[in-house]
Amino acid sequence: MSDNVTVIKPLENPMHGSTRVPGDKSISHRAVLFSAMAEGTSRVSGVLDSADVRSSIGAVRALGAQVSLEKQADGSLAGGITGWGAAGPSQPAEPVDCGNSGTTVRLLMGILAPWDIQVTLTGDSSLCKRPMRRITAPLMKMGARFLPEGRETLPITVHGGGLRPLTYDAPMASAQLKTAVLLAGMYASGTTTVNEPAPSRNHTELMLPEYGVATTAGACTASVTGPAQPQAGEVLVPGDPSSAAFLACAAVLRPESSIQIEDVSLNTARIGFVRTLERMGAQVSVAHTGAAGKEPYGIIEACHTPDLRGCEVPADKIAGIIDEIPVLALVAAHAHGITVFRQVGELRVKETDRLAAIMDGLAKLGVDAWCEGDDLYIEGQPGLQVPEGLEFDSLGDHRLAMTWSLVGLTGKVPVNIKDFEAVRVSYPGFLDDIERLAR
Ligand code: S3P
């Protein structure tokens, strides 16, 4: 067995009781990046301590923000961030390395676009394969330059300055794209609007007002009017529903389990996976307990459900479950009948080609999964028996590492996961948390 293989053993007991999950990754990135842009010292708490968020912290430090975050007893980061404010980011001596983090690099393109500096952005081998023209194209329409011109992949150098506002009809529903354009639009005189083909997550629209920048938003549209310099704000980051999804799906699959996940974001743009599980007949529910700024949070409850059924997820709901499709596909593999996820081509350009990875992984389980165009079909097998000795490769993708680990954790035989360590990107304590629920 090669060095970086982790054996994931079946949970010893059903999952029971309450837990919390680490801070939301999308909100944590935004808290760090918006605080860095702001005038004055912002206070942030509940920030996720993971490799991806550390990429954002490292980047804003390199660009002149002062970050004094400390590890808290619950594992989160909290403290102050003093931004570069109206003076703008400083010219870094070196390229800025965004690691594995698409959110860091794509939001930074919008953040740097207004300023008269030249910053080279790069990342790890996965990030250097991901498409960037979707971000550089609208920013170029606003007046920013990117070199080499027309390049799709990192490294790319941003030459910013002198932006004009833009009304942009985005070709895909992407919160990263929407956010990059809105952040640039804050420094252009006039209103910048992004229209989307389907609703994407709306954390930017909800959080910018905490930094004194007004936004207007509808289901598939968001606008900001510049010039608008953000001022220091205060952000409390709720738990990450995308991390909670792995625990909830594990409880649905593991006989006799019943768990509650507390203080987790219940933003409707993020809990589409709960709706999908409900449509599969799973015993899941949510209960609101409060709000952090405009972000609602509360409890997600999930119980073992022996009689799941396949369902169809329409194209306009895909952006709301985009990060959860791998684990939902695994649940669908246990359901009676066929599950269809419509128009999931975006999965091909995530941390890895998740569409191919889902089909390969399910094939190892003996489950039929196929694509027709960009639609993903899974023919479930109730009572699925997992063969001994299976090995799955995370391909360095955190969400695939956790998805395939659930095969071992909720089943009867161990599985081997290559590069399980990829979980450090979004949920470093995943294995401890799930094992604690099964003690
Ligand atoms: C994110 C947006 C989504 C999501 C990613 C985080 C964000 O990406 O998959 O994990 O924080 O804005 P896209 O914008 O590419 O859909």
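These questions and answers walk through the ligand site and some backbone features of a predicted model.

User: Which pocket does the ligand take up?
Analyst: Start with the space in this predicted model. The ligand fills a pocket, and that pocket is the largest.

User: Which residues surround the ligand?
Analyst: A residue counts here if one of its heavy atoms lies within 4 Å of the ligand. The shell is made up of Ser26, Arg30, Thr103, Arg106, Ser174, Ala175, Gln176, Arg201, Ile322, Asp323 and Lys350.

User: How do the residues of that shell divide into nonpolar, polar and charged?
Analyst: Ala175 and Ile322 are in the shell, and so are Arg30 and Asp323. The division is 2 nonpolar, 4 polar and 5 charged.

User: Which helices each supply at least two residues of the shell?
Analyst: Arg30 and Gln176 are among the shell residues. Three helices each give at least two residues: α1 (25-37), α3 (102-112) and α5 (175-185).

User: Which domains each give the shell at least three residues?
Analyst: The shell includes Ser26 and Lys350. At least three residues come from each of two domains: domain 1 (5-22 + 238-436) and domain 2 (25-236).

User: Where does a polar side-chain atom of serine 174 lie relative to the ligand?
Analyst: A polar contact needs N or O atoms within 3.5 Å. Serine 26 has a polar side-chain atom 2.7 Å from a ligand oxygen. Lysine 350 also places one 2.7 Å from an oxygen atom of the ligand. For serine 174, the distance to a ligand oxygen is 2.6 Å.

User: What share of the ligand's accessible area does the protein cover?
Analyst: On its own, the ligand has 390 Å² of accessible area. The protein covers 94%.

User: Which residues does the cis peptide bond at proline 155 join, and where is that proline?
Analyst: Omega is about 0° at this bond, which links leucine 154 and proline 155. Proline 155 sits in the loop between β8 (145-147) and β9 (156-159).

User: Which loop holds proline 227?
Analyst: Proline 227 is joined to glycine 226 by a cis peptide bond, with omega about 0°. Its loop lies between β13 (221-226) and β14 (234-236).

User: What is phi of glutamine 343?
Analyst: Glutamine 343 is in the loop between β19 (338-341) and α10 (354-364). This residue is not a glycine, yet its phi is positive. The value is near 55°.

Note on methods: Residues are numbered from 1 along each chain as its sequence is written. This is a predicted model: local features need pLDDT of at least 70, side-chain atom pairs count only at pLDDT 80 or more; totals for chains, interfaces and linings use all residues. Side-chain values use heavy atoms; hydrogens and water are left out. A polar contact is a pair of N or O atoms within 3.5 Å; within protein, one must be able to donate a hydrogen and the other to accept it, and residues adjacent in sequence count only if both atoms are side-chain atoms. Accessible areas come from the Shrake-Rupley method with a 1.4 Å probe; for residues, only the protein chains shown count as cover. On a 1 Å grid over the protein atoms alone, a cavity is a set of points where a 1.4 Å probe fits but cannot get out, and a pocket is an open set with protein on both sides within 12 Å along at least five of seven lines; lining residues have an atom within 4 Å of a point. A molecule sits in a cavity or pocket if more than half of its atoms lie within 2 Å of its grid points. Helices (H or I, at least four residues) and strands (E, at least two) are DSSP runs, numbered from the N terminus. Ala, Val, Leu, Ile, Met, Phe, Trp, Tyr, Cys and Pro count as nonpolar, Asp, Glu, Lys and Arg as charged, and the others, Gly among them, as polar. Domain bounds come from an automatic or database domain assignment.
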